[in-house]
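Thank you for making time this morning. I would like to walk you through one protein chain, beginning with its overall build and ending with its pockets, so please have a look at the model first.

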Amino acid sequence: MVRRSSAPEGVQLDIGDIGTPLGAVSFVVLDLETTGTSATGSRITEVGAVRVRGGRVEEEFTSLVNPGVAIPAQITLLTGITQSMVATAPPPEEVLPRILAFLTEREHTALVAHNAPFDVGFLKAACERHGVPWPDPPVVDTLRLARAVLPQGQTRNHRLGTLAAYFGSPVTPNHRALDDARATVTVLAGLIDRLTPLGVGSLEELRAVTKPPTRAQRARRHLAEGLPERPGVYVFTDARGADLYVGKSNNLRRRVASYFTAAENRRRIREMAGVVAGVTPIVCATDLEASVRELRIIAERKPPYNRRSRHPERVRWVTLTPEAYPRPSVVTTVKDDGAPYIGPYTSAAEAEQAKAALLHALPLRQCTHRLTPGGTDGVTACVIAQLGRCGAPCDGTESQDAYREHAEAARTAMTGDADALVAAHTGRIAELSADLRYEEAAALRDRLAAFLRGARRAQRMGALAAVPHLVATRPGPTGWDTCVVRHGRLAASAVLEPGTDPAAFLRALVATAETVGPATAPLPAALPGETELILAWLGHPATRLVEVDGEWTCPLRSAEAHAGMTHWAHGRDTAQ
């Protein structure tokens, strides 16, 4: 049964950088009655839902459900729902599509429930049981919100009945779905009223609330006043002007304001709120420029409250040593020595895994002896050679020409075609799995994935770093976001606004772009993280190339061809 309100539709508001304004959200407040507490073993007996938007009730939905199983006596005593009441009710396969439609027919809808995991769990189980896809709407749990917003002792407990009375609900919860949903509407409104003065104004902020803002956070809300509502970078500073934290946003004012609301629950950031004294905005033309500037500033200034990107210099690479008998080695710098490099790796352990992948597939030496053709006096073969995993060029067993073939195969796998290395690993993984040796198979899988991740990064970066000049554009919020990239570095960024002469705009942008020279391959003329941001932006389906000097290509059988394998877990799953 559906009851419609005569209240007018709420006005659709603009979607800001931090999410959907609460006034634009359709809250579907839902409650279920069931035959028990287990989502898999019990069944739904009644559904009640109320759609609320802008503080107005727009529509209600309620229906009994024939669970197809007996209702326990204690459940009947609790809810008043008897077997005879549900005997003629529609089965779940009829009610489920109706309640899901109620959840999804409006844009920007959120599901609200008191102790939401219970209700969501039953709905998901019903969807799985009847082969219906779960729409996965954003969920707001009034129980979790109440625990965060109402201090201990302010209410006797956080049960729905207690909260409904506390907020003055005209409906008393009685374990019937629609009445309980109506009571939850009042509770939701009361909680939002408490949170709005604390700066929570969007659905995303509401869902992020875990505790009220600190006094220090509330005292610094004024720092967001006067900031531009433009994309850019913001730098929090202390009373001495020292940098504390750097971030980026599509809307500087809204993002900075969110740090001083209940939605900001990161311990370090709440701690920072106690010492922050100012914020410096750096307006950027495009979102890509903001992302790049954020990365550059963090790397340069190393603000203490940033955790990521502070030390881009602390990376590892895997290379082949430039000597007569090359061997795989993990290094911290890329040299202009003609050797192949893959990476960068932020973890030394992952770099070692990639090195191990080469040694598994190819009989390369692992010793650190300085070997020269014909200069092997006094060197004896090690146990690695005795196990057949190295041809022992150290004692002359393997000739330089024979060893060079292995080294060239490694170079090919690192810079071009990785098929042979992949085949060597996947074949052995299959053998180990067939023998039920899953842990060994998983370890080998992780080595291969580490190698492919590093090779893919190096090959993609190296290809873009080799391009001296590239201009690309794609649609943005106010026009066409246009960027100039030179040797993998963002050299210029601007927005081609409607009505502007494209040719004149392009000439001016290119003429004023930064002059950039090449770096040592495969390094770009920028931080690797910056080039990866640019590559992700260029890879967007909406991006269009405008100008390219030279060639921008990757080998046909490069690590990119095995991109799916690069997402394998780092040793957490069991290979099967």
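Before I give the first figure, a word on terms: a residue is called buried when its relative accessible area is under 20%, and exposed when that value is over 50%. What we have here is a predicted model, and, in the sense just given, buried residues make up 47% of the 576 residues in the protein chain.

As for the overall build, the secondary structure of the chain comes to 19 helices and 16 strands, and the C-alpha trace spans about 95 × 65 × 45 Å along its principal axes. If we take the contacts with a separation of 6 or more, 68% of them are accounted for by residues 24 or more positions apart.

Turning to the surface, the protein chain exposes about 27,100 Å², of which carbon and sulfur atoms supply 51%. The chain carries 65 positive and 62 negative charges, and the mean positions of these two sets are 6 Å apart.

That brings me to the pockets. The largest pocket has a volume of about 940 Å³, and its lining is made up of 34 residues, with Leu295, Arg307, Arg308, Ser309 and Thr346 lying nearest its centre. Which elements give two or more residues to this lining? They are the strands β8 (243-249) and β12 (341-345), together with the helices α11 (267-272), α12 (287-301) and α19 (528-538). The largest share, five residues, comes from α12, and with that helix I will stop and take your questions.

Terms used
Residues are numbered from 1 along each chain as its sequence is written. This is a predicted model: local features need pLDDT of at least 70, side-chain atom pairs count only at pLDDT 80 or more; totals for chains, interfaces and linings use all residues. Side-chain values use heavy atoms; hydrogens and water are left out. Helices (H or I, at least four residues) and strands (E, at least two) are DSSP runs, numbered from the N terminus. Buried means under 20% relative accessible area, exposed over 50%, partly exposed in between (1.4 Å probe, protein chains only). Contact means heavy atoms within 4.5 Å. Accessible areas come from the Shrake-Rupley method with a 1.4 Å probe; for residues, only the protein chains shown count as cover. Lys and Arg count as positive and Asp and Glu as negative; His and the chain ends are not counted. The place of a charge is taken as NZ of Lys, CZ of Arg, CG of Asp or CD of Glu. On a 1 Å grid over the protein atoms alone, a cavity is a set of points where a 1.4 Å probe fits but cannot get out, and a pocket is an open set with protein on both sides within 12 Å along at least five of seven lines; lining residues have an atom within 4 Å of a point. Grid points are joined across faces, edges and corners, and a volume is the space filled by probe spheres set on the points.
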